[in-house]
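Have the model open in your viewer? Here's a quick briefing to read alongside it.

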Amino acid sequence: MAVSQATNEAQAADRQVAEAIAALNPINQAIAAAHEQQASAQTMLTLLDQWNEEIARDPHDRKILEQVAATLSDRATVLEDAHAEARVQNEIAEETLSSLTARCDQLTPALNNVNAQLPAASEELRAANVALAGVTRSIQTLLKSGPRA
Amino acid sequence: MKRIEDSPEIPVDIDTGVLEAWADALEQLRADYDSAFDRVHDAQRRVNELSRSRDQLQTELHTVLSQIPGTQAVVESTRSQVAALSTQLEDYQAARDAATARLLGTDRLDGTVETKHPLLLLPVRLETRFLSARNGSGTELRVRVYPDDVHIDTHEPGLTEEEERWGNHFWEQAGDGASGGDPTGRKQQAWQQLVDRFGSPRAAWITHVLDPAKPVTTARRDETWTRASHTQVLPNRWVAVGYREEKPVVTAWGQPIPDPLATGPSPPRQADPTIESNELPAIDEQMRWMIDFDTAEAKGMALRIPLTEDQARWGFERLVVMGIKASLDAEATAGRLTDLLDAHHYTNGLAVVAQNVPTNNTAEASSGYTSSSGDGSGSYAIEQGDSLVPAGSDGEIAAQALGVTPVAFSHARDADGTEQRHARAMNTALWGISDSPLMRQLLAVGGPNFLRGHFVDFVRARGPLPALRVDSQPYGLLPVAALDRWVTLDGIHEETALADWWRAHRQIWRQYVARALSLAHDGDPLTLLGQEANACHYMLQELEDGAADQNAPSEEVSSVTVAFLPAPVSFRGMPSPRFWEFEDAKVNFAKVEANPQDLARLLLVKFALEYANDWFLVPIEINVGSLCQIRSLIVTNTFGERTLIFHTTQVDGAKSPWRAFALSQDSQHLFFLPPVLGPSLQSAPVEDVLFLRDEMANVAWAVERVVESPSGRPLDRFEAFQEARRRKEREEVPPNGSGKSVATVAYRLGTSVPDYWIPLLPVQQGTSIRLKRGVLPNIGIEAVEGMLEPQGRVLEPGHELLLHDEEVPREGARVTRSYQYARWVDGSTHLWIGRRKQPGRGEGSSGLQFDILTAFVEG
């Protein structure tokens, strides 16, 4: 019995470890991606510094400067495309958010209005039902009593 | 509820009144019941509706609220992405621009261009070739850049002695001290004298320089040509950018360009005589770049761009070559541009082009440009009148756009036009009645006041600036701006909003660009022309398959003995090789009228309109009387490629019908340069025959006006005929008082024609019409006295003469025989009779009639 309990506890501990590791994996991946991104950005900055240094060199090495300018032109073109696409995506998202907020602003007062009307309508229904029951009772009474002199 | 009949409580014998009252009460309760039931129903429905609305609203609100956080996250994400990319992009763009500026020589070390100044980009002509790289591996793109006509300055500022003399004469006549006639008439006459000698543009320069009120200092010029044509408005360097799928994929920079750059040969004294080679023609060093690629590359007028394998395979959709003159500031640039405009004005002419001016000669209308003529009346008012550029005129607007003073256009033809002003007025009038979906969208963006101002001030159906003409070449001024970098300087919100709107919609329109018809994708020109409202003519020249291969360079031919620069054949009225260039309205081949039989005229027009640009003129000196054979003709183009040109018989076959300057029965392609004389003395015609058509009589006539007499002297047959007629009339006079009655009418079988009119009768020969020389009877006093035969040699009496119908055209023909006397190169003299054919004087009528009654008038 004790062995069985210990085995169960060990299995539970294993599961917890596995779950913890599983939970840690995305974090590790995110950290790795961030490191990679940081390294890439650092590389880019380093390259950009090197290029700027080459651009500022006086007198300049024409061949190298032409290569630098061509590379910069290529990358600027890629960035321009990415920037234009991101800007369009951002404009679409802004517009969507704006319309959602506007709709929310329309729905909330409308719901409040309905909620405000509902009690009165329920009360009216209740009163109408009471009146109907009264009339029904009167009819039954009249029928029951019949014509009397 | 029970039925009344079923109720045991209802008494049987009841009073009717009671029963009725009971029934009434019951009826009232029924009505109350119905009313209460309806009230319940209505209330229930109301509650149901409200509940349903509440549920729907709650559901939708829940959905909306659940979407907002996600959307907010996307907004934040894309916003940060845009911000990050913007920063990155700015860094890269700044670095790229800085690198380009250094390469173009426009950085702070070599000079700067302030962004507040607009840049004027003049057109250039590009020639490109994909060739193997010089080092043998890979492919390179070679680009040659040639300045367009507008760059070239051929002006000669110095005056010759003759120009000075006639210029001073002009101002003497224009001055108050001159005598005779009114001052304006004298000045106009003196102007005409100047124009007769020097042409209008040069006359304008001469009077401008020698104007006593504001003389210009210039050097005396003893020669007609003192400096090479040149340009001073080229940029510091060229940069070439190749595009594929709308993206720049290759960029290259050229070497610094000399300033000035020669664009033509130097005068003989200045030209470097040492440049001689069998490979290249002898030209001076300054203009060698125009024919030699390596020299052009060294002078920055050619670029050699190494390509990757993919770039070489797929090529480019677009190649843009541009550059700016950053070494000059704005003021110096404007000065150079003014000088260039002045140079054009005083050499080939500068004008503003009005709308709807045709550039080409057609059968319906001639082009709107006529080359300089001797008629000075048209140019007098322009060159010697008041300034043509008042405020708001087209010339003033053009000057303002170019950054030069309006004086540059003050005497340019049509600079006083008011098209731009009228276009503004028209826009003002149209604004109130214009409407379209696009305008509504723009109104939502910019607001009506701003949009109206923008439309009235800047939008022009014909373009916002006037077009110019330099010589025969029109140039449109097209203002452009980089929309991506548009910023408003005045902080006008609507302007920014409008720019944003255009930027966003440009993305959409770009998708449609690929669908636009283009020569690159659509082979059918008719489909393409169908897109243009007023295109109605096109000419398509197809190359046979393999034609390009036949022109491939041949390594077998390695040398030539003579090198020369070929010059394209040109003549007045020649169609312009450039589509929009003005053709000269002086000669309009499209208006030439020709009958089907006017073969020579038809051939001339055909040649002039279709094949004129197929011909080049090459100077080769060969001895008179020699027999030459061109063993090979090699063309070296401006990229250094060499192409062997084959003889026409090798291309078209030995039996090709095309021959020019070829010898009969010759298979060796020999060219014979026969000895020809220079000027020779020519006598008056000893024989003069006029051929003319007589459509009324349906014949042609050969009129022997002059024939050679037996003594060898000219015999005027007209005078001889008149003399004979007068003699005949004297002999026919009836004796007075004879008493015989005289008839008042007479019947005549036919009239006679002068005896020197020889009929040419149309006869059918095979499928063609020939004119056969006929003969008329010589009608004497009493009877026919023989036949009228020709007396000269042209009409070949004694033989049957059959002329082709086309040889006597509608305008007639004149054939003369004259004595020719000339001296040959060895000093010997020669005398002979030569024939000459010239156009005639049009149709004629002999008055020949048959079966007529003639009335006599008594007394």
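What follows covers the chain contacts, one sheet and one helix.

This is a predicted model: local features need pLDDT of at least 70, side-chain atom pairs count only at pLDDT 80 or more, and totals for chains, interfaces and linings use all residues. Residues are numbered from 1 along each chain as its sequence is written, while chains are lettered from A and ligands numbered from 1 in the order in which they are written.

**Where chain B touches chain A**
- 62 residues of chain B are in contact with 59 residues of chain A (contact: C-beta atoms, placed from the backbone, within 7 Å).
- Helix H1 (16-104) and strand S5 (247-253) of chain B each give two or more residues to that side (helices, H or I, at least four residues, and strands, E, at least two, are DSSP runs numbered from the N terminus).
- H1(B) brings the largest share, 50 residues.

**A sheet in chain B**
- The open sheet has 3 strands in the order S5-S4-S8, with antiparallel pairing (strands pair if DSSP finds at least two bridges between them).
- S5 and S8 (318-322) of chain B sit at the edges with a single partner strand each, so one side of each has no neighbour in the sheet.
- S4 (239-244) and S8 of chain B pair over 5 bridges, and B:Val241 has B:Val320 as its bridge partner.

**Helix H8 of chain B**
- B:Ser379, B:Tyr380 and B:Glu383 are buried in H8 (377-384) (buried: 20 or more other C-beta atoms within 10 Å of the residue's own, exposed: 12 or fewer, partly exposed: in between, with C-beta atoms placed from the backbone).
- Down the axis of H8(B), its buried residues fall within an arc of 115°, so they line one face (the arc is that of directions from the helix axis to the C-beta atoms).
- The face turned away carries exposed B:Ser377 and B:Ala381.
- The buried residues of H8(B) pack against H3 (183-198) and H4 (200-210) of chain B.

Methods: Two residues are in contact if their C-beta atoms, placed from the backbone, lie within 7 Å.
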